[in-house]
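Hi,

Here is the structure I promised to pass on. Could you load it up before reading the rest?

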Amino acid sequence: MPGETVKAPGSWFDPVKIAVVVVIVSVLFFFFRRRTESFVTPDAPRDVVLLHQLGHGVECPSLSPFVLKVETYLRINKIPYKSLYDRKMGPKGKTPWIEYNGDVIPDSSFIIMYLNKQFKVTMDSKLTSYEKGVATALQRLAEEHLYFQLGLWRAVFDEQKETFKAIGLNWFFIWMLERKATTDAWSQGIGRHSQEEVAQITETDLQALSSVLGEKDYFFGDSPTEVDCSLFGQLSQFVWQARRSPGQKLILDKFPNLKRFCERIKGKYWPDWNELILQPPAE
Ligand SMILES: N[C@@H](CCC(=O)N[C@@H](CS)C(=O)NCC(=O)O)C(=O)O
């Protein structure tokens with residue numbers, strides 16, 4: 001047609017295309033902003049650590065060893081905190097995570113590193129470099145090895161799924177937890193062993209921890225260090241919240257110093273333990 005502007009096919013100067021791009025960019029911008037901002041609690045109190053966690057257990061205040069680690073650290077160091085049982089995963093898709101004066105920090109170890117700086121905590125300052133090395137090795141043993149066994153004992157090998165039924169989870173959630181523990185343990189490697197082999201591995205790990213602890217109150221002497229928080233988090237789950245697992249039986253029968261260690265921390269830093277569990281444990 002005479003006088004009509006001829007546009008090259010696929011030209012970006014098409015107002016419809018521009019509008020579509022603007023809409024897509026705005027939606028993406030809004031979505032990502034929301035995702036980042038959604039980790040910051042509006043009107044959060046200042047100078048108080050907000051500890052986001054899942055719900056309580058029946059025998060321990062949390063089913064998560066990593067949450068117990070952080071909460072024990074906060075209590076030992078008398079850091080003001082408030083627990084939010086919002087069951088919300090943090091920016092790394094895991095729990096626990098904290099907020100502090102607008103900062104959002106996921107991962108128990110990074111949380112402790114961050115709080116050490118903010119509150120000038122020096123729990124490990126008296127450790128020699130050799131002891132610091134041992135502490136790191138013990139922490140990795142517990143968090144990167146024993147933890148996956150805990151998952152198998154509670155969510156896979158226990159046919160009754162007692163820990164999860166006790167907190168009222170329905171069959172679908174329990175099935176999801178079983179799938180998750182199975183795939184996590186498979187990827188980690190430990191899930192490729194038979195149940196009997198995992199029992200042997202659990203015994204070897206607990207034996208190692210028991211030997212290092214010996215008759216000391218804490219892993220490095222009379223006062224708690226960071227690794228005690230980590231080990232309490234993991235071991236207390238075996239002591240109280242992995243009913244009838246070989247790990248629980250071994251600690252009670254063969255490694256009572258590990259049980260005494262957990263009792264010591266619970267008694268000293270968790271006076272409100274029974275108020276934070278869903279129901280008092282049946283002795
Ligand atoms: N390295 C993390 C581990 C935390 C972790 O594995 N938390 C578990 C709950 S006990 C979790 O959030 N799992 C969810 C998932 O793996 O998707 C830490 O130290 O905080």
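Below is what turned up when I went through the empty space and the nonpolar core.

First, a caveat: this is a predicted model, so please read everything here in that light.

**The pocket**

The largest pocket comes out at about 1400 Å³. Its lining counts 39 residues, and the ones nearest the centre are Leu 54, Met 89, Thr 95, Tyr 147 and Leu 177. Four elements each put two or more residues into that lining: helix 2 (65-76), helix 3 (108-118), helix 4 (129-157) and helix 6 (171-188). Helix 4 gives the most, with 10 residues. In terms of chemistry, you are looking at 20 nonpolar, 10 charged and 9 polar residues around the pocket. Both domain 1 (49-118) and domain 2 (129-271) are represented, with at least three lining residues from each.

**The cavity**

How many cavities of 30 Å³ or more does the whole structure hold? The search found 1. The volume of this largest cavity is about 40 Å³. Around it sit Val 58, Glu 59, Leu 63, Thr 163, Ala 166, Trp 240, Gln 241 and Arg 243. By class, that lining splits into 4 nonpolar, 2 polar and 2 charged residues. Helix 5 (162-166) and helix 8 (226-241) each contribute at least two of the lining residues. As for domains, the cavity lining takes at least three residues from domain 1 (49-118) and at least three from domain 2 (129-271).

**The core**

The largest nonpolar core has 65 residues, and the members that touch the most others are Tyr 73, Leu 115, Phe 219, Leu 231, Leu 235, Leu 258 and Phe 261. Helix 4 supplies the largest share of this core, 11 residues. Where does the core lie relative to domain 1 and domain 2? It lies between them, because both domain 1 (49-118) and domain 2 (129-271) give residues to it.

If you want one residue to click on, try Leu 258, one of those core members with the most partners. Setting aside neighbours within four places in sequence, Leu 258 is in contact with Leu 206, Leu 209, Ser 210, Leu 213, Phe 219, Leu 235 and Ile 251. Two of those contacts, Phe 219 and Leu 235, also appear among the core residues that touch the most other members.

So helix 4 is the element to keep on screen: it gives the most to the lining of the largest pocket, and the largest share of the core comes from it too.

Cheers

Key: Residues are numbered from 1 along each chain as its sequence is written. This is a predicted model: local features need pLDDT of at least 70, side-chain atom pairs count only at pLDDT 80 or more; totals for chains, interfaces and linings use all residues. Side-chain values use heavy atoms; hydrogens and water are left out. On a 1 Å grid over the protein atoms alone, a cavity is a set of points where a 1.4 Å probe fits but cannot get out, and a pocket is an open set with protein on both sides within 12 Å along at least five of seven lines; lining residues have an atom within 4 Å of a point. Grid points are joined across faces, edges and corners, and a volume is the space filled by probe spheres set on the points. Ala, Val, Leu, Ile, Met, Phe, Trp, Tyr, Cys and Pro count as nonpolar, Asp, Glu, Lys and Arg as charged, and the others, Gly among them, as polar. Domain bounds come from an automatic or database domain assignment. A nonpolar core is a set of buried Ala, Val, Leu, Ile, Met, Phe, Trp, Tyr and Cys residues joined through side-chain atoms within 4.5 Å. Buried means under 20% relative accessible area, exposed over 50%, partly exposed in between (1.4 Å probe, protein chains only). Contact means heavy atoms within 4.5 Å.
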